[in-house]
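User: I have a model open and would like to go through it with you. Could you take my questions as they come?

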Amino acid sequence: GGFGHVPIPLIKGDLTSKAAAPRRDLLLVYGGKTRVGVRTVVAEAARNSSRLNASLQVANKLPWKAALRRARFVLCPRGFGRTSFRLYEALQSGAIPVVVYDDVPWLPYAGTLRWSEIAVVVPVWQVHRLEAILTGISPQAEARMRHAVAVLTPRLFTYSAALAQLQRVFETPSATALSCSRPVWPPCGNRPVVSAEVCTAGDAMSRDCACRALRDLRNGTTVVTSFV
């Protein structure tokens, strides 16, 4: 969940529900521990916002899938790794994920997908503004994001779709939407200075690329640990 060079969707299965169309009446929901790294900062920021805290308190009393179906936005802070299962559960439920990162947003398909069209991506040092960020999204913009989620999720964010993209990395690299992203350190002050060299898997086969794992594929050596 955030190691190696190629971000892949962290999906353990597909959410299925026979319930009626969701009633999106909860501004923000979250499911998971709050005592791990970035999540402690996010939890404190949410508690300090009366509106966000009220929404989370209602959601906490619901089964997770029910909370997802009522959510407008789903809080998806990184955990021990750079990403979270919550991000993809949010997308599969039709909600808009709120990705909170500290060093680099570990998001797949960065070379082909504009994440700003389907998610709210926030660095941890901006979480104190989370209520203002979410309430500042107009109903029209929110509707556009939700429509994009509905269109892209079956193509990229189901279990079978993610496996198909990963298979193309090994078999037909030029056909995959997965990209290589290599964070560059060191940190500066309290904030890391992060740049990333991004290339498509196909580019990695045709030129010298910083993506070690993809170069190894070109040379006939498979380094699976670089993809997980």
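Analyst: The turns below go through the overall make-up, one helix, a cavity and several single residues.

User: What kind of model is it, and how many helices and strands does the chain have?

Analyst: It is a predicted model. The protein chain has nine helices and eight strands.

User: What percentage of the residues is buried?

Analyst: Of the 228 residues in the protein chain, buried ones make up 49%. The chain exposes about 11,400 Å², and carbon and sulfur atoms supply 53% of that area.

User: And what share of the contacts links residues 24 or more positions apart?

Analyst: Among contacts with a separation of 6 or more, 66% are between residues 24 or more positions apart.

User: Let us turn to α4. Is it mostly covered or mostly open?

Analyst: Helix α4, residues 85–93, is mostly covered, with eight of its nine residues buried. The buried residues are Arg-86, Leu-87, Tyr-88, Glu-89, Ala-90, Leu-91, Gln-92 and Ser-93.

User: What covers them?

Analyst: The cover includes the helices α3 (64–70), α6 (139–156) and α7 (159–171), together with the strands β2 (71–77) and β3 (96–101).

User: Phe-85 is in that helix too. Is it buried or partly exposed, and why?

Analyst: Phe-85 lies in helix α4. Phe-85 counts as partly exposed because its relative accessibility is 31%, and the buried class requires a value under 20%.

User: What does Phe-85 touch?

Analyst: Leaving out residues up to four places away in sequence, Phe-85 touches Leu-10, Ile-11 and Lys-12. Phe-85 and Leu-10 are 75 residues apart in sequence, yet their C-alpha atoms are 5.7 Å apart in space.

User: What happens at the two ends of α4?

Analyst: At the N-terminal end, Ser-84 acts as the cap, with a side-chain oxygen 3.0 Å from the backbone nitrogen of Arg-86. Just after the helix, Gly-94 takes a positive phi of about 90 degrees.

User: Where is Ser-84, and is it buried or exposed?

Analyst: Ser-84 lies in the loop between β2 and α4. Ser-84 is buried, since its relative accessible area is 6%. Apart from residues up to four places away in sequence, Ser-84 touches Leu-10, Arg-39 and Pro-77. Leu-10 is thus a contact of Ser-84 and also of Phe-85.

User: Changing topic: how many cavities of 30 Å³ or more are there?

Analyst: The structure holds one cavity of 30 Å³ or more. About 60 Å³ of space lies in the largest cavity.

User: Which residues line it?

Analyst: The lining of the largest cavity consists of Cys-76, Pro-77, Arg-78, Arg-82, Thr-83, Ser-84, Leu-87, Val-99, Val-100, Tyr-101, Trp-106 and Leu-107. The elements that give two or more residues to this lining are β2 and β3. Strand β3 supplies the largest share, three residues.

User: So Ser-84 appears again. How do the lining residues divide by character?

Analyst: Eight are nonpolar, two are polar and two are charged. Ser-84, the residue that caps α4, is one of the lining residues, and so is Leu-87, which is among the buried residues of α4.

User: Next, Tyr-109. What is its phi, and where does it lie?

Analyst: Tyr-109 has a positive phi of about 65 degrees although it is not a glycine. Tyr-109 is found in the loop between β3 and β4 (120–123).

User: Is Tyr-109 buried or exposed?

Analyst: Tyr-109 counts as buried, because its relative accessibility is 0%. One of its contacts is Gln-165.

User: Tell me about Gln-165, then. Which helix is it in, and what else does it contact?

Analyst: Gln-165 lies in helix α7, one of the elements that cover the buried residues of α4. With a relative accessibility of 6%, Gln-165 counts as buried. Besides Tyr-109, and leaving aside neighbours within four places in sequence, Gln-165 is in contact with Leu-156, Ala-175, Thr-176, Ala-177 and Leu-178.

User: Last one: where is Glu-131, and what does it touch?

Analyst: Glu-131 is placed in helix α5, residues 130–135. Glu-131 counts as partly exposed, because its relative accessibility is 28%. Not counting residues up to four places away in sequence, Glu-131 touches Ser-49, Arg-51 and Leu-52. Glu-131 and Asn-53 are 78 residues apart in sequence and 10.0 Å apart in space, C-alpha to C-alpha.

Technical notes. Residues are numbered from 1 along each chain as its sequence is written. This is a predicted model: local features need pLDDT of at least 70, side-chain atom pairs count only at pLDDT 80 or more; totals for chains, interfaces and linings use all residues. Side-chain values use heavy atoms; hydrogens and water are left out. Buried means under 20% relative accessible area, exposed over 50%, partly exposed in between (1.4 Å probe, protein chains only). Helices (H or I, at least four residues) and strands (E, at least two) are DSSP runs, numbered from the N terminus. Contact means heavy atoms within 4.5 Å. A polar contact is a pair of N or O atoms within 3.5 Å; within protein, one must be able to donate a hydrogen and the other to accept it, and residues adjacent in sequence count only if both atoms are side-chain atoms. On a 1 Å grid over the protein atoms alone, a cavity is a set of points where a 1.4 Å probe fits but cannot get out, and a pocket is an open set with protein on both sides within 12 Å along at least five of seven lines; lining residues have an atom within 4 Å of a point. Grid points are joined across faces, edges and corners, and a volume is the space filled by probe spheres set on the points. Ala, Val, Leu, Ile, Met, Phe, Trp, Tyr, Cys and Pro count as nonpolar, Asp, Glu, Lys and Arg as charged, and the others, Gly among them, as polar. Accessible areas come from the Shrake-Rupley method with a 1.4 Å probe; for residues, only the protein chains shown count as cover.
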